[in-house]
Amino acid sequence: MRFAFFGSSLVSSYWNGACTYYRGLLRCLYARGHELTFYEPIAYERQQHRDIEDPAYARVVVYPADTEAQVLRALESARGTADIVVKCSGVGVHDELLEAGVLDLNAPVSIFWDVDAPATLARMEADPADPLREHVASYDLVLTYGGGQPVVRRYRALGARDCVPVYNALDPTTHHPVAPRKDLGADLAFLGNRLPDREARVEEFFFRAVGLLPERRFLLGGSGWEDRVREPNLRYLGHVTTREHNALNCSPLSVLNVSRESMAANGFSPPTRIFEAAGASACVITDAWEGVETFLTPGEEVLVAHDGAEVAEVLEQLDAPRARRIGAAARARILEAHTYAHRAAQVEAILAGAPA
């Protein structure tokens, strides 16, 4: 089948948390014989910070998006070229135009693929005039990268013909164990951009633990934290490219996951970070959210904390042998059931109408 995706970016992870999701999924769809084109706008300096060249598994079309006319030209160039046209959420520019324009292409199958479903749903439910509400029922299918049955029920209540979660996963060709680096040694590392619906939780789960354990060493990666780093036991790395993810996962004693507020409230929304870190055999400490046991067993494959004090307590009790055992068990579980090869097979089954 021929797919055309309209998304944020495939070639740059800069201010683009869904990037590795797109890469892993498209790579595995290509391996199963599908043709893929990814349309991405020139926006947010992503092209200046690209971290891969155009991949062999997809044709990348980078289009100017300063005006609606430019976006419409990009849409029109996709007409008649794909069996399945996908509008991904969170492109960041002209999303409303793209949501309607993808449907106007009249492709055999049109999909709305929501990579931030809890936030999208909260927005639509709060605003009856939200433009996406009138289009949801026109898409043949809504796919999400998380959310479980709560998201499915909410999308169907808004008129979606069907909604199926296709969860984040691991691409073992890009995220895997590597030799630890001394310059990235620490007791706990957190990687995440500074976002409005995550900041308060990062303050609680990460910065509070930093303050409670002044003798421990911490690392912080991600964009936007420059004016927040004050603690002497905390080192700030800034934006960390995907090429550096493995080293950052493999060098500290443990890594922390902090979910965005909307995803934690909804549950069943494991971020890409968990799969990437587990794929590198990292010992993951995660904030608590409903459904975590669906993906990793607490206490054996992941450590769970309910607040910053518990993060500090878990870290105080964690030694290197236990961290290695947890990391190895997590990697084995993810490879068994949660790779993008599994997700690509699921997408095929969904599109074929089979139980997925």
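How far is the sulfur of C28 from the closest cysteine sulfur, and which residue holds that closest sulfur? In this predicted model, the partner turns out to be C19, and its sulfur sits 15 Å from that of C28, which is too far for a bond. A disulfide needs the two sulfur atoms within 2.5 Å, so C28 doesn't pair up with C19. C28 also counts as buried, because its relative accessibility is 15% and the cut-off for buried is under 20%.

C250 tells a similar kind of story. The nearest cysteine sulfur belongs to C283 and lies 12 Å away, and C250 is in no disulfide. With a relative accessible area of 18%, C250 is buried. Searching the whole structure for disulfides turns up zero.

On to the pockets. The second largest pocket comes in at a volume of about 240 Å³. Its lining is made up of 18 residues, and those closest to the pocket centre are R23, R27, I52, T174 and T242. Sorted by class, that lining splits evenly, with six nonpolar, six polar and six charged residues.

As for where the lining comes from, helix 1 (19–31) and helix 10 (272–279) each put in at least two residues. Helix 1 is the top contributor to this second largest pocket, giving four residues to the lining.

Terms used
Residues are numbered from 1 along each chain as its sequence is written. This is a predicted model: local features need pLDDT of at least 70, side-chain atom pairs count only at pLDDT 80 or more; totals for chains, interfaces and linings use all residues. Side-chain values use heavy atoms; hydrogens and water are left out. On a 1 Å grid over the protein atoms alone, a cavity is a set of points where a 1.4 Å probe fits but cannot get out, and a pocket is an open set with protein on both sides within 12 Å along at least five of seven lines; lining residues have an atom within 4 Å of a point. Grid points are joined across faces, edges and corners, and a volume is the space filled by probe spheres set on the points. Ala, Val, Leu, Ile, Met, Phe, Trp, Tyr, Cys and Pro count as nonpolar, Asp, Glu, Lys and Arg as charged, and the others, Gly among them, as polar. Buried means under 20% relative accessible area, exposed over 50%, partly exposed in between (1.4 Å probe, protein chains only).
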